[in-house]
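Ready for some practice in reading a protein model? Take a look at the sequence and the structure below, then work through the exercises one by one.

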Amino acid sequence: MGVPTTVYIHTNIYNYSNKYKNLDRFQNDVKRFLTEYDSIVLHKDLYGLVFKSYLREIRSKVKILLNKFEATPLDDGSTRPEKKMLCCGLAFISNEQFRKHYKDVHNEAFLVYTNMLELKSAFAKLDHMRHRLDEYTRFGKEYTCGLLVDLKRIAKKISCTLKF
């Protein structure tokens, strides 16, 4: 007999009877995704290609949603190249220099052992956000300034994660 597990099954959350309830639910999902983002991308180095494909898809759907509400994101999918990274009093221009410094000097791994529960949870959260973005792109017509700001923050965080 195996260990009992819970299976994630996506059901449509969009409610056609109350448009402002949908806005509130979507806004709560976006805020939850932002607060849990660091724990979601914890496994990105170990499972790079899968996570990057999910993140690229979520970023493109966020941009489509922002374009729908005529609030285009500030970036083009990448971070500013002239931005310098600082560590230990040194300024680094490229990501490769910064990564080399970090591995040489600090030699700290972000994640030593994988936890399958955290990994499956991260995939479920990414998948849930992808489905919610699809639903709201198709059916949502209402937005708030807070929602637009949070969507722009998601796009920016994902762009920084994909670049670094």
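Here are four exercises, each with a worked solution.

This is a predicted model, so local features need pLDDT of at least 70 and side-chain atom pairs count only at pLDDT 80 or more, while totals for chains, interfaces and linings use all residues. Residues are numbered from 1 along each chain as its sequence is written, and side-chain values use heavy atoms, with hydrogens and water left out.

**Exercise 1. Describe the overall build of the protein chain.**

Solution.
- Step 1: Start with the secondary structure. The protein chain has six helices and two strands; these are DSSP runs numbered from the N terminus, with H or I over at least four residues for helices and E over at least two for strands.
- Step 2: Put them in order. Along the sequence the pattern reads α-α-α-β-β-α-α-α.
- Step 3: Turn to burial. Of the 164 residues of the protein chain, 37% count as buried. Buried means under 20% relative accessible area, exposed means over 50%, and partly exposed lies in between (1.4 Å probe, protein chains only).
- Step 4: Look at the surface. The protein chain exposes about 10800 Å², and carbon and sulfur atoms supply 56% of it; such areas come from the Shrake-Rupley method with a 1.4 Å probe, and for residues only the protein chains shown count as cover.
- Step 5: Check the contacts (heavy atoms within 4.5 Å). Among those between residues at least 6 apart in sequence, 77% join residues at least 24 apart.

**Exercise 2. Find out how many disulfides the structure holds, and how accessible C145 and C160 are.**

Solution.
- Step 1: Recall that a disulfide is a pair of cysteine sulfur atoms within 2.5 Å. The structure holds zero of them.
- Step 2: Now consider the two cysteines. C145 is exposed, at 63% relative accessible area, whereas C160 is partly exposed, at 33%.

**Exercise 3. Trace the salt bridges around E36 and E57.**

Solution.
- Step 1: Use the cut-off: a salt bridge is a side-chain nitrogen of Lys or Arg within 4 Å of a carboxyl oxygen of Asp or Glu. The structure holds nine salt bridges.
- Step 2: Take E36. Its side chain meets that of K125 in a salt bridge (3.4 Å, N to O). This pair links distant parts of the chain, 89 residues apart: K125 is in helix α5 (residues 116–139), and E36 is in the loop between α1 (19–35) and α2 (37–40). K125 is partly exposed at 28%, and E36 is partly exposed at 25%.
- Step 3: Take E57, which is partly exposed at 27%. One partner is K61, with 3.2 Å from N to O. K61 and E57 both lie in helix α3 (residues 48–68), four residues apart, about one turn of the helix. K61 is buried at 14%.
- Step 4: Another partner of E57 is R130, at 3.3 Å, N to O. Here the pair links helix α5 with helix α3, across 73 residues. R130 counts as buried, at 19%.
- Step 5: Join the pieces. E57, K61, D127, R130 and D134 are linked in a network of salt bridges.

**Exercise 4. Describe how α1 and α5 pack.**

Solution.
- Step 1: Give the geometry. The angle is about 145 degrees and the axes are 11 Å apart. Axes are lines fitted to C-alpha atoms, for helices over the stretch in contact, and angles run from 0 to 180 degrees between N-to-C directions.
- Step 2: List the residues that meet. On the α1 side they include L23, F26, V30 and F33, and on the α5 side they include L126, M129, L133 and Y136.
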